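Trainee: I would like to learn how to read the features of a structure from its atoms. Where do we begin?

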Amino acid sequence: MTNTFNPYGLPAEKKLAQHFEKIKQIKIKDLFVKDPKRFEKFSIKDGELFADYSKNIITEKTLELLFEFAEQSGLKQAIEDMFLGKKINATEQRAVLHTAARSFLKEDDSVISDGVDITAGLRELFEKIADFTKKITAGTIRGASGKIFTNIINIGIGGSELGPKLLVSALKTFGNKNLKVKFISSPDPSHATEALKQINPETTLFIVVSKSFTTKETLLNYKTARKWLLNAGIQKEDLKKHFVAVSENKKEALNSGILPNYFFKTESFINGRCSIWSGAGLCPCIFLGADIFTDFLSGAYQMDIHFRRQPFEKNLPIILGLIDIWYYNFFNAQTWAVFPYEQALSVLPFYAAQLCMESNGKSVDRQGKKINYHTAPIVWGMPAPGAQHSCFQALHQGTRFTPADLLSPALTQNGNKNVEILAANHFAQAEVLMNGKTQAEIYNELKKTGASDSFIKKTAPFGIIQGNSPSTSFIYKKLTPHLLGKLIAMYEHRIFVQGILWNIFSFDQWGVEAGKQMADKILSELKQQNKKPKRDSSTAGLINTFKKFQE
């Protein structure tokens with residue numbers, strides 16, 4: 001893979017390459033010395049969300065050229081095509097309209113796709129979800145024994161788990177205190193066993209989320225849940241009172257025992273990793289209540305308006321997406337780290353990883369030709385307080401160039417005790433990433449401890465931090481449902497911008513599907529006795545070793 005970046009052959013790309021050669025050795029801290037107003041120039045406030053991207057290796061000229069590149073590559077029209085419902089998921093001949101699943105909140109906002117106003121259907125779906133939510137909360141809908149539901153278990157994998165899990169974990173303080181929510185995704189029996197420990201089957205409602213309703217892991221856990229209820233004494237004919245399905249495949253769901261009024265549709269034009277905006281939002285909606293969930297949707301809608309209407313130079317997702325291109329295709333960065341300073345956002349790095357890597361992990365352009373430049377980075381991260389005591393070591397003194405997002409609140413959900421400590425650590429880490437630490441600074445620090453000159457001379461080199469590591473800081477007033485919706489939508493649009501500028505299709509996942517198909521074939525071989533698998537020696541050896549261990 002070369003570092004040649006030329007997906008369109010545009011004049012702006014050549015200008016960017018020339019500009020990169022001029023500034024690639026520039027120091028971020030020197031840029032602040034040259035321009036006292038740098039922070040004001042390189043930051044954006046959108047309501048309760050503030051983004052500071054001044055600690056990046058960029059100048060005004062850099063952004064000017066990136067905007068020019070975005071303009072020449074047709075980004076503005078691509079954004080409109082998505083919002084208007086054009087079939088931008090070309091390999092699957094589908095529109096991409098997760099944005100419509102929040103725009104329906106506005107009565108006068110409609111989206112026409114294939115000649116049909118889809119907002120009416122989305123509004124109807126949400127009304128059904130809201131009505132079901134109210135009936136669960138009020139106890140109108142109950143389990144087989146007539147008891148009120150106190151446990152909600154979401155069965156799903158990938159976007160069918162990560163989206164709901166992010167909402168429930170991030171907004172726990174807003175949720176119904178009488179409901180416990182758990183998630184089962186892995187077919188590993190221990191996952192279901194742990195989730196089902198110490199809960200009452202009579203008061204447990206399962207939400208089975210699978211777009212196709214053929215997902216192996218999800219269906220296995222669906223069967224496990226049914227068996228668990230049967231073993232608890234619930235009659236087979238009453239199991240239907242404990243299961244809800246979210247799927248595009250209504251026929252398969254109903255055939256499996258789901259009641260028609262317990263079925264919620266997810267649309268083909270809403271991608272799996274964005275399914276939280278469709279039927280997959282049922283679990284967090286029940287937990288949070290329809291009003292709070294509506295507030296979450298409205299936050300995303302506000303970011304949609306920002307993304308669609310703001311000019312490039314004031315458009316947060318566009319600026320962030322362009323800076324990503326700058327790093328991955330000119331500086332040859334290969335990873336992107338996400339560090340939330342609020343524990344409630346602990347799922348965000350996983351959500352961002354799926355969003356970016358499943359969407360943009362492609363090596364073929366829209367014309368079907370193999371590309372020779374980097375696309376999706378490896379996305380990773382963890383809650384920042386823990387990361388500072390572990391993997392930040394590699395960011396400060398390691399050899400890999402890793403742009404990072406740091407996020408922290410001004411006010412926390414559970415009072416404001418220690419919030420200044422979180423902020424202090426956030427700002428300190430960003431400053432050290434930028435400034436580093438020189439040998440002279442290490443020398444002076446050690447000198448103050450009374451260490452001998454000989455010891456200092458030997459030790460000082462080990463404390464050097466090169467610095468010039470870029471970071472983008474996000475501060476938000478408080479993690480509310482509205483703010484979370486805005487934040488998730490910002491990341492979605494940022495990933496969309498990347499895909500357009502990489503000239504790839506972001507909304508299919510052929511690699512994911514290929515892995516599923518191969519797993520089905522190997523599963524049948526694992527179940528066959530006394531038959532040698534016709535595979536490469538490694539896979540065949542693994543299959544045979546597995547069978548021997550099972551004996």
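Mentor: With strand pairing. Two strands count as paired if DSSP finds at least two bridges between them. Keep in mind that this is a predicted model.

Trainee: In which sense do β12 and β13 pair, and over how many bridges?

Mentor: Strand β12, residues 404-411, pairs with strand β13, residues 471-478, in the parallel sense, and the pairing runs over seven bridges. For one position in register, take L406, whose bridge partner in β13 is S473.

Trainee: Which strands form the sheet, and in what order?

Mentor: The order is β1-β2-β13-β12-β10-β11, six strands in an open sheet with mixed pairing. The edges are β1 (43-46) and β11 (378-381); each has a single partner strand, so one side of each lacks a neighbour in the sheet. On average, neighbouring strands are turned by 15 degrees against each other, with direction ignored.

Trainee: Which helix lies across β12 and β13?

Mentor: That is α18, residues 419-435, which runs at about 155 degrees to β12.

Trainee: How should I read a single strand residue, say S471: what does it touch?

Mentor: Start with its place, then its accessibility, then its contacts. S471 lies in strand β13. Its relative accessible area is 2%, and S471 is therefore buried, since the cut-off is under 20%. Apart from neighbours within four places in sequence, S471 is in contact with D52, K55, N56, A404, L406, A430 and L433.

Trainee: Next, charged pairs. How many salt bridges does the structure hold?

Mentor: The general idea is that side chains of opposite charge can pair when their charged atoms come close. The structure holds 28 salt bridges. In one of them, E48 and K486 meet with N to O at 3.2 Å. E48 sits in the loop between β1 and β2 (49-52) and K486 in helix α21 (residues 481-501), so this pair ties together parts 438 residues apart in sequence.

Trainee: Are E48 and K486 buried or exposed?

Mentor: E48 has 22% relative accessibility and counts as partly exposed. K486, at 0%, counts as buried.

Trainee: What are the N and O distances in the pairs D81 with K86 and E92 with R94?

Mentor: For D81 and K86 the closest N and O atoms are 3.4 Å apart. For E92 and R94 the value is 3.7 Å. D81 is buried at 17% relative accessible area, whereas K86 is partly exposed at 44%. In the other pair, E92 is partly exposed at 27%, and R94 counts as partly exposed at 29% relative accessibility.

Trainee: Which residues does the network of salt bridges link?

Mentor: D35, K41 and E60 are linked in a network of salt bridges.

Trainee: How many disulfides are found?

Mentor: The test is a sulfur-to-sulfur distance within 2.5 Å. A search of the whole structure finds zero disulfides. C356 is in none, and its nearest cysteine sulfur, in C274, is 13 Å away. The sulfur of C391 has its closest cysteine sulfur in C356, at 18 Å, which is too far for a bond. C356 is buried with a relative accessible area of 0%, and C391 counts as buried at 18% relative accessibility.

Trainee: Which residues touch the most other members in the largest nonpolar core?

Mentor: They are F132, W326 and Y491, in a core of 149 residues. Helix α21 gives the most to this core, with twelve residues. Another core lies apart from it and has twelve residues, including F339, Y341, A384 and A404.

Trainee: What is W326 in contact with?

Mentor: Leaving aside neighbours within four places in sequence, W326 is in contact with L16, H19, F20, I23, I57, I58, T62, L66 and F331.

Trainee: One more residue. Where is I292, and what does it touch?

Mentor: I292 is in helix α13, residues 290-309. With a relative accessible area of 23%, I292 is partly exposed. Not counting residues up to four places away in sequence, I292 touches F174 and P481. For a longer view, the C-alpha atoms of I292 and P11 are separated by 48 Å, with the two positions 281 residues apart along the chain.

Definitions and conventions:
Residues are numbered from 1 along each chain as its sequence is written. This is a predicted model: local features need pLDDT of at least 70, side-chain atom pairs count only at pLDDT 80 or more; totals for chains, interfaces and linings use all residues. Side-chain values use heavy atoms; hydrogens and water are left out. Helices (H or I, at least four residues) and strands (E, at least two) are DSSP runs, numbered from the N terminus. Axes are lines fitted to C-alpha atoms, for helices over the stretch in contact, and angles run from 0 to 180 degrees between N-to-C directions. Contact means heavy atoms within 4.5 Å. A salt bridge is a side-chain nitrogen of Lys or Arg within 4 Å of a carboxyl oxygen of Asp or Glu. Buried means under 20% relative accessible area, exposed over 50%, partly exposed in between (1.4 Å probe, protein chains only). A nonpolar core is a set of buried Ala, Val, Leu, Ile, Met, Phe, Trp, Tyr and Cys residues joined through side-chain atoms within 4.5 Å.
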